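Me: I'd like to go through a chain together, one question at a time. Could you put it up first?

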Amino acid sequence: MISQHASPDESESPIWPLFQTVLGSIVEVILVSVSGYVLARRGIIDKPTQRQLNVININFFTPCLLFSKVAFSLSPAKIAELWVIPIFFLFVTGVSLLVAGLLGSLFRLRPSQRNFAMAAAAFMNSNSLPVALLQSLAISVPGLKWGEDDTKDAITGRALTYLLLCGTIGQLLRWSYGVHLLTKPDDTSEGAENSSRPHEESCLTREGSEVIDQPEPSFGIYRENSLSSSHQLSPSTSVFEADTDSDDEERYVPLWSRPPPTFLQRVGLKVRDVWKKVSGFLTPPLWASIVSILVALNPPLQHVLEVHMRPVQGAITQAGNCSIPLTLIVLGAYFHRSEERPQLLRGREEGSPALQSVIPGEGRTIFLAIFSRMVVVPALFLPFMVIGAIHKYPPVFQDPVFILSNVLLLASPPALALAQVTQPVASSSVKFERLISRTIFWSYCLVSPPAMVGYGLIAMLITRL
């Protein structure tokens with residue numbers, strides 16, 4: 001059965017040209033990322049520069065990209081059809097946790113290793129890699145239009161909206177249940193052993209960590225490195241900001257020095273605390289998304305911006321076009337290891353018996369984490385994607401970009417933010433440091449390129465059902 005949104009020429013496209021187009025789009029992403037690695041290797045983009053580029057991208061370029069693509073591509077009718085996305089994402093997360101947990105028990109992993117495999121399987125990269133791929137595919141791949149009047153900007157805008165919803169939910173789950181999952185000790189004896197070396201582990205976490213000290217290369221839909229046990233992150237990289245010193249001094253004045261607060265004062269303090277957490281979570285990209293959706297719900301305002309404020313729209317569009325290349329540059333630089341860190345790590349390994357040998361089960365943990373995330377979970381959900389594409393229900397399945405976005409999310413590698421999730425507990429950071437580094441290397445550098453080509457081709461074939 002041929003869908004109504006595609007023309008006959010597009011629907012009858014042979015597999016080989018489609019494969020070439022998908023492969024070319026993914027190669028473009030890889031080449032830009034490799035350029036970031038080369039720049040980092042030559043010392044042009046060091047770690048502080050990566051952090052600054054990430055902050056600039058999150059606070060300026062990405063909000064411009066979201067607004068320019070979302071505000072003028074959605075309509076009230078299309079927004080009403082997005083209810084299925086949160087349900088689908090939560091269901092995928094739950095099944096991913098279950099699959100990795102069962103495989104971890106079957107392969108007799110230690111509890112902490114099983115928890116890591118579960119976290120890696122459940123929390124996928126929903127920003128930098130999928131967004132870059134969708135941006136490239138929307139321009140080059142035919143057959144993604146949802147209606148005759150659809151445009152490439154509208155296609156990209158809908159893709160960003162889908163990923164934004166999934167990324168926001170993933171952010172909440174990662175920094176709530178994910179932190180709880182990754183900071184569980186194996187047993188009491190292991191906890192006692194870890195507590196006997198707190199200074200050594202905390203120093204290694206601060207100075208010798210190869211993954212945790214690196215900035216999160218983020219598309220910027222949401223911030224990845226948001227929590228810290230010391231609460232010393234800057235406002236531009238935190239989600240739940242701690243109260244400032246002045247607030248603490250004001251609130252914890254001795255009770256006998258002033259009368260007890262009234263009911264209205266207590267309510268005001270509670271409202272202020274809630275607003276601080278909400279405003280801390282609402283990053284500039286999320287604010288831009290909210291504003292863009294409000295614009296999309298107001299067609300007269302859309303007309304004013306498009307017709308009577310063209311310079312403003314043009315400036316926002318030009319700034320937004322810088323977001324994806326900058327994201328890929330930082331993503332490539334992320335994988336470069338400086339010369340000092342391996343030397344420092346080797347020096348600490350000489351005096352640390354706990355780090356001299358590979359932890360038993362580490363290889364199985366990495367295999368199960370990647371196998372669950374990028375093979376088992378897509379295999380379980382792809383049949384549902386096929387059924388939805390055939391029956392066109394829910395109605396959002398009529399959008400080929402929705403199918404493509406979800407297939408890429410299903411097969412996306414583990415989130416790079418797993419390195420930051422382990423930061424609140426120093427012992428967990430040391431325990432998972434090598435595990436995270438190896439998992440990221442294998443999943444992004446070796447598995448993702450062929451996997452993304454294959455899943456991208458499968459997604460395009462599903463859209464033609």
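Reply: Below are some short questions and answers on this chain. This is a predicted model, where local features need pLDDT of at least 70, side-chain atom pairs count only at pLDDT 80 or more, and totals for chains, interfaces and linings use all residues. Residues are numbered from 1 along each chain as its sequence is written, and side-chain values use heavy atoms, with hydrogens and water left out.

Me: How many helices and strands are in the chain?
Reply: Helices here are DSSP runs of H or I with at least four residues, strands are E runs of at least two, and both are numbered from the N terminus. On that count the chain has 21 helices and 0 strands.

Me: What share of the 465 residues counts as buried?
Reply: Buried means under 20% relative accessible area, exposed means over 50%, and partly exposed is in between (1.4 Å probe, protein chains only). Of the 465 residues, the buried share is 51%.

Me: Is Ser136 buried or exposed?
Reply: Ser136 sits in helix H7, residues 128–140. Its relative accessible area is 9%, so Ser136 is buried.

Me: Which side chain makes a polar contact with the side chain of Ser136?
Reply: Contact means heavy atoms within 4.5 Å, and Ser136 touches Ser25 and Glu28, leaving aside residues up to four places away in sequence. A polar contact is stricter: N or O atoms within 3.5 Å, one able to donate a hydrogen and the other to accept it, with residues adjacent in sequence counting only if both atoms are side-chain atoms. At 3.2 Å, the side-chain partner is Glu28.

Me: How many residues of helix H19 are buried?
Reply: H19 covers residues 400–410 and is mostly covered. Its buried residues include Phe402, Asn406 and Leu410. The count is 11 of 11.

Me: Which residue has a side-chain oxygen that reaches the backbone nitrogen of Val401?
Reply: Look at the start of H19. An oxygen there comes within 3.1 Å of that nitrogen, and it belongs to Asp399.

Me: How far apart are the end C-alpha atoms of helix H5?
Reply: The expected span is 1.5 Å times one less than the number of residues. H5 has 23 residues (84–106), so it should span 33 Å. The model agrees, with the end C-alpha atoms apart by 33 Å.

Me: Why does Val278 count as partly exposed?
Reply: Val278 is found in helix H12. It counts as partly exposed because its relative accessibility is 35%.
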